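Trainee: I'm new to this one, so could you walk me through it? I'll ask, and you can show me how you get to each answer.

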Amino acid sequence: MKNIGNNQAGRESFTTKFGVIAATAGSAVGLGNIWRFPYLTGENGGAAFLVIYLVFVLVIGIPVMLSEFVIGRSARKNPYGAFKKLAPGKPWYLVGLMGVTAAFMILAFYTTVAGWTLEYLYQSVTNGFVNKDGAQLSLMFSEFRSDTWRPLFWFLIFMGMTAGIIVLGVRKGIEKSTVIMMPLLFVILVILGIRSLTLPGSLDGLRFLFKPDFSKIDSSAILDALGQVFFSLSIGMGTLITYASYFPARDRLLSTSFSVALTDTLVAVLAGIVIFPAAFSFHIAPDEGTGLVFVTLPGIFQQMPGGAFFASLFFLLLAVAALTSTISVLEVIVAFFVEELRLRRKMATWIAAGTVSLLGMMCTLSWNSLMEGVSFFGLNTFELLDYTSANILLPIGGFFIALFVAWFFGREKRMAELSNDGSLKAGYIPVYIFIIRFLAPIALAFIFLNGIGLLKM
Ligand code: PHE
């Protein structure tokens, strides 16, 4: 076997720096940036939410991401196997197991929304929004969502595309597809941003996004911001442990973590620049919730010149962004199956995709009469998986990942990993250690307990 693209252990790895960044930023950039971030920002008062979000990216997001890189690249295993290898005989593997569980949950509800983007892409291309007013578009969305076969059909198509890439492996599947899809995504986003900013009255939208009003911020908004950082950066469940296990030995982990976090944040802000100016320009309230991009945006598109074209571009953007993320979540489960259950990649992929689909189909039917009666704490299956994974499982995972690297990893090994065996200076290490030892875990525990109401500020 050729050595290029394989690391010492005979495992596949990414071949170029651009491949590393395209794949990892591809995981981070997704529906979280273009669907979730705008509606959370809209609901939580705009710019003030953005400010809190940015602070969390810097003091919690990047350090936890770097910690996942350290664990993954040094162990070269799936999250469960990595903790087993690095802390033999200790219960740390439970953190990895929790990650694999979170991967099941996230992939289930995420692929549901990804399927919707295909339906909306289809509608845009076939002019399906023409002459519909706001109420009709809203009805169209809720009728589609509560239908049985259409959402299931798109769900399965999307899951099939995800599995189709993962079957091909790390280099031929993940790397090759993301180095094409990520640049495409940027081009589309910039075209849409220009379109939105050149609409009359777009400045009000920018003001909403960039002029903070802190009166809307309470402890649940703060927990939402934290959950969003974890969700958007794909941290806290081992996706990045898995991807880092494919990084070349020479990769500079700190620079990769900054590039990924920067790309992710840039895309979220750009998505805001696409959506809010357009919404304000057409006098539509920005706090539509989860329907923001499926109800509000089609309404906007069909009022603007060239609307069908821009709508098609937008939903293509969403689908591409979602696909570079779903592959990273499926890869967590597949790597786990391959390494721990000794399955072949092909078999592992179809078993993983199949079992996730069972849960995913229940999610997809959350608004259907078949599943409508099923609710937990007032949330349907879909909402329950979304809320629990982002706001609970990921922050808990991140808490333990930071603590593990900070206190249990071993100083020399950590130093070797961060400095590529002494070939980089890595002068930032003391700051990083301080953050993952004290700042990040304390902040996480505090926001978390406060957000779920166990601690009252
Ligand atoms: N980060 C992805 C997004 O923003 C979602 C994701 C979460 C992917 C967790 C992998 C792991 O859309």
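Mentor: Sure. Helices here are DSSP runs of H or I with at least four residues, numbered from the N terminus. Keep in mind that this is a predicted model.

Trainee: With that in hand, which helix holds G99, and is the residue buried or exposed?

Mentor: The place of G99 is in helix α5. Buried means under 20% relative accessible area. G99 has a relative accessible area of 2%, so in helix α5 this glycine is buried.

Trainee: How far is G99 from I241 in space, C-alpha to C-alpha?

Mentor: Along the sequence, G99 and I241 are 142 residues apart. In space, C-alpha to C-alpha, the separation is 10.0 Å.

Trainee: Let's move to the ligand. How many residues surround it, and which are the closest?

Mentor: A residue joins that group if one of its heavy atoms lies within 4 Å. By that rule, 16 residues surround the ligand. The closest are A28, G32, Y110, F231 and S234.

Trainee: What is the distance from an oxygen atom of the ligand to a polar backbone atom of G32?

Mentor: Take the nitrogen atoms of the ligand before that. One is 3.2 Å from a polar backbone atom of S27, and a ligand nitrogen lies 3.0 Å from a backbone N or O atom of S232. For an oxygen atom of the ligand and a polar backbone atom of G32, the distance is 2.7 Å.

Trainee: How much of the ligand's accessible area does the protein cover?

Mentor: On its own, the ligand has 320 Å² of accessible area. The share that the protein covers is 100%.

Trainee: Where does the ligand sit, and which elements give two or more residues to the shell around it?

Mentor: The ligand sits in the largest cavity. Elements that give two or more residues to its shell are α1 (17-28), α2 (31-43), α5 (93-125), α10 (219-232) and α14 (307-340).

Trainee: How many charged residues does that shell have?

Mentor: Go through it by class. The shell around the ligand has seven nonpolar residues and nine polar ones. The number of charged residues is zero: there are no charged residues in the shell.

Trainee: Back to S27. Which residue has a polar side-chain atom 2.9 Å from the backbone oxygen of S27?

Mentor: Look in helix α14, where the partner lies. At 4% relative accessibility, the partner counts as buried. The side chain whose polar atom lies 2.9 Å from the backbone oxygen of S27 belongs to S325.

Trainee: Now the loop between α5 and α6. Is N131 there buried or exposed?

Mentor: N127 is found in that loop too, and at 45% relative accessibility it counts as partly exposed. Phi of N127 is near 60 degrees, a positive value in a residue other than glycine, and phi of N131 is also near 60 degrees. The cut-off for exposed is over 50%. N131 has 69% relative accessibility, so it counts as exposed.

Trainee: One last pair: how far apart in space are V167 and R344, C-alpha to C-alpha?

Mentor: The place of V167 is in helix α7 (residues 149-167), and at 24% relative accessibility V167 counts as partly exposed. V167 and R344 are 177 residues apart in sequence. In space, C-alpha to C-alpha, they are apart by 9.9 Å.

Methods: Residues numbered from 1 in each chain as written. Predicted model: local features only at pLDDT ≥ 70, side-chain atom pairs only at ≥ 80, totals over all residues. Heavy atoms only, no water. Polar contact = N/O pair within 3.5 Å; in protein donor to acceptor, adjacent residues only side chain to side chain. Areas by Shrake-Rupley, 256 points an atom, 1.4 Å probe, with all protein chains shown as cover. 1 Å grid on protein atoms, 1.4 Å probe; cavity = no way out; pocket = protein on both sides within 12 Å on 5 of 7 lines; lining within 4 Å. Sits in = over half its atoms within 2 Å of the grid points. Nonpolar A, V, L, I, M, F, W, Y, C, P; charged D, E, K, R; others polar. Buried < 20%, exposed > 50% of the residue type's maximum accessible area, 1.4 Å probe, protein only.
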